[in-house]
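Me: I'm new to this one, so could you walk me through it step by step?

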Amino acid sequence: MKKRILAVGGILIAVAAAGSVYWFYFRGSSPNASTGETVYVSTVSSLTGNSTGMMNRYAGVVEPQETVEVTIESGRKVTEVQVKTGEEVKQGQLLFEYDLSSIQEDLQQAKLDLDRLKNEALSLSEQITTLEKEKKKASQDNQLSYTIEIETNKMNLKKNEYDQTSKEAEIQKLQNATGNTEVRSTIDGVIQKIDTSKLSTDDGDSLDESSGDSMMSDSDSSSNAFITILSTGAYRIKGKINELNIQNIVEGSPVIIRSRADEDQIWRGTMGSVDMDNGSTEDSDSMMYYGMSSTDTQTSSSTYPFYVELESSEGLMLGQHVYIEPDNGQEDQKDGLWLSDFFIVDADSTDPYVWAADDKDKLEKRYLILGKYDEDLGEYEIVDGLTLKDAIAYPAENLTEGMDTSTSSAVQINQDASDMESSSGEESGWEENTEIIEESSSGELIDDFSDEDLVPMEEAPDGGIVVEEVTE
């Protein structure tokens with residue numbers, strides 16, 4: 001079986017298939033040239049245009065590849081912050097400085113404490129020496145008391161030695177801090193936020209925000225970060241997928257990132273894995289399936305984030321909203337005329353043909369000369385026999401040469417069917433009203449006809465497909 005790409009194949013057969021389905025299921029008889037009945041055809045140009053048709057599209061947003069959280073060292077105070085929220089910073093740029101005066105005061109006090117400990121150790125050593133001499137001269141009854149006092153002083157001396165070691169380490173740290181008062185950015189990025197709640201004085205008051213709105217308080221944040229920096233220049237795309245569509249995410253598969261503002265502006269990347277550890281629940285009333293919505297809380301479903309690694313992020317902006325779609329070759333430009341093999345009869349034989357309208361709008365077999373075959377897209381190169389101006393029909397079984405032909409859209413066909421149903425009072429088997437499947441962050445299908453007027457897709461009898469375009 002030849003490989004089919006559903007996203008492309010669905011739209012290629014949509015218009016012509018709609019005509020055939022309508023013919024067989026609403027006319028109620030086989031086409032016949034003598035009855036004067038009409039076969040609906042579509043121009044080759046409309047079938048081979050640049051529209052990507054129905055496509056698995058997901059809403060995405062540009063986010064940084066890396067986030068750096070800068071904290072304040074324990075016991076240190078910040079004098080002045082040199083950056084503002086929203087400001088772009090370069091690697092090595094000064095973010096803030098520590099208060100050097102407080103460090104110098106702490107260093108001076110630590111040195112005094114060390115001197116005191118050394119004097120105390122010297123005194124203990126002298127006391128131990130004196131007690132040991134007196135013990136030798138003391139009576140047998142006093143020997144025990146001297147022994148206890150000597151051992152106590154020896155224990156105090158060991159504790160003193162440990163305290164001296166700790167104090168020397170503290171002094172070393174403070175001395176290093178005096179030469180390291182500046183904190184600089186480790187990446188190129190944008191300052192996302194500055195948590196002023198981390199800037200508290202000894203009195204418990206926040207540091208004076210002389211820079212106005214340059215800082216954003218976030219005291220409710222569970223993070224210990226004082227400054228949060230989002231990297232620039234290396235972006236990734238974050239999307240969301242509903243649990244019902246999660247099988248559509250294939251890790252490692254190529255994807256296209258498309259601008260919402262300009263459909264022709266694209267970036268390419270590779271699909272990452274779904275983050276199953278960070279799902280969120282959405283009520284079903286926020287999602288619509290084929291025109292039906294439910295408020296039953298039992299039908300709630302979860303959405304999960306997934307990420308796309310970009311080949312290049314040039315031209316993208318942090319926070320930009322984009323479309324994510326599988327790369328099925330829809331952007332590849334091929335020379336010549338290529339047509340889906342859905343329309344070609346006996347494509348594997350020596351006499352392939354299509355059902356085409358002649359210059360008198362009569363149906364005829366138009367024999368073709370085929371070239372290369374694109375297995376991924378299911379398309380043949382048309383070397384001769386067909387042009388973009390020609391109109392062809394979907395190859396239904398009962399088509400015959402000489403039948404009348406007419407071009408029509410699926411919207412017109414559906415309207416005709418509705419009119420027929422109203423006049424006959426019979427059920428057509430198609431829903432009378434079709435709701436629009438709206439785009440949602442939960443990973444629902446998003447059409448490619450328009451960003452605002454979306455196109456629902458339904459299954460018609462016998463597996464036929466109709467696409468109904470909604471217009472104002």
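Below is a run of questions and replies about this predicted model.

Me: Let's start with the overall make-up. How many helices and strands are in the protein chain?
Reply: The chain we're looking at has 472 residues, and 40% of them are buried. Its accessible surface comes to about 26500 Å², with 45% of that belonging to carbon and sulfur atoms. As for the elements, the count for the protein chain is five helices and 24 strands.

Me: What share of the contacts with a separation of 6 or more comes from residues 24 or more positions apart?
Reply: Here we set aside contacts with a separation below 6 and look at the rest. Among those in the protein chain, residues 24 or more positions apart account for 73%.

Me: How far does helix H3 reach from its first C-alpha to its last?
Reply: H3 covers residues 100-137, which makes 38 residues. At 1.5 Å a residue, the expected reach is 56 Å. The model comes close to that, with H3 reaching 56 Å.

Me: And H4, how far apart are its end C-alpha atoms?
Reply: H4 runs over 143-178. It has 36 residues, so at 1.5 Å a residue it should span 52 Å. The model agrees, because the end C-alpha atoms of H4 are 52 Å apart.

Me: Which helix is part of what covers the buried residues of H3?
Reply: The buried residues of H3 include Leu107, Leu114, Leu117, Leu124 and Leu131. On H4, the buried ones include Tyr146, Ile150, Leu157, Ile171 and Leu174, and their cover includes H3. Going the other way, the cover of H3's buried residues includes helix H4.

Me: Is Lys167 in H4 buried or exposed?
Reply: Lys167 forms a salt bridge with Glu170, with the closest N and O atoms 3.2 Å apart. The two are about one helical turn from each other, because they sit three residues apart in helix H4. Glu170 has 36% relative accessibility, so it counts as partly exposed. Lys167 has 16%, and the limit for buried is under 20%, so Lys167 is buried.

Me: How many salt bridges does a search of the whole structure find?
Reply: Side chains of opposite charge can pair when their charged atoms come close. One such pair here is Asp195 and Lys198, at 2.6 Å from N to O. Searching the whole structure gives a total of 16.

Me: In that Asp195 and Lys198 pair, which residue counts as buried?
Reply: Lys198 has 28% relative accessibility, so it counts as partly exposed. At 1% relative accessibility, the buried one is Asp195.

Me: How many residues apart in sequence are the parts tied together by Glu325 and Arg57?
Reply: Glu325 forms a salt bridge with Arg57, and their closest N and O atoms are 2.7 Å apart. Both Glu325 and Arg57 are buried. Glu325 lies in strand E15 and Arg57 in the loop between helix H2 and strand E2, so the parts they tie together are separated in sequence by 268 residues.

Me: Which residues are linked with Arg57 and Glu325 in a network of salt bridges?
Reply: The pair of Glu325 and Arg57 is itself a salt bridge. It belongs to a linked network, and the other members are Arg258 and Glu263.

Me: Which element gives the largest share of the largest nonpolar core?
Reply: The largest nonpolar core has 18 residues, and those with the most contacts inside it include Ile237, Phe306 and Ile324. Elements giving two or more residues to this core include E2, strand E10, strand E11 and E15. The largest share, four residues, comes from E14.

Me: Which strands are the edges of the open sheet?
Reply: Four strands form this open sheet, in the order E3-E9-E8-E5, with antiparallel pairing. Two bridges join E5 to strand E8, and one bridge puts Val89 opposite Gly189. An edge strand pairs on one side only, and that fits E3 and E5.

Me: Last one: is Asp374 buried or exposed?
Reply: Asp374 is in strand E19. Leaving aside neighbours within four places in sequence, Asp374 is in contact with Lys334, Trp338 and Glu379. Its relative accessible area is 19%, and the limit is under 20%, so Asp374 is buried.

Notes:
Residues numbered from 1 in each chain as written. Predicted model: local features only at pLDDT ≥ 70, side-chain atom pairs only at ≥ 80, totals over all residues. Heavy atoms only, no water. Expected span 1.5 Å × (residues − 1). Buried < 20%, exposed > 50% of the residue type's maximum accessible area, 1.4 Å probe, protein only. Contact = heavy atoms within 4.5 Å. Pairing = 2+ DSSP bridges. Areas by Shrake-Rupley, 256 points an atom, 1.4 Å probe, with all protein chains shown as cover. Salt bridge = Lys/Arg side-chain N within 4 Å of Asp/Glu carboxyl O. Core = buried A, V, L, I, M, F, W, Y, C linked by side-chain atoms within 4.5 Å.
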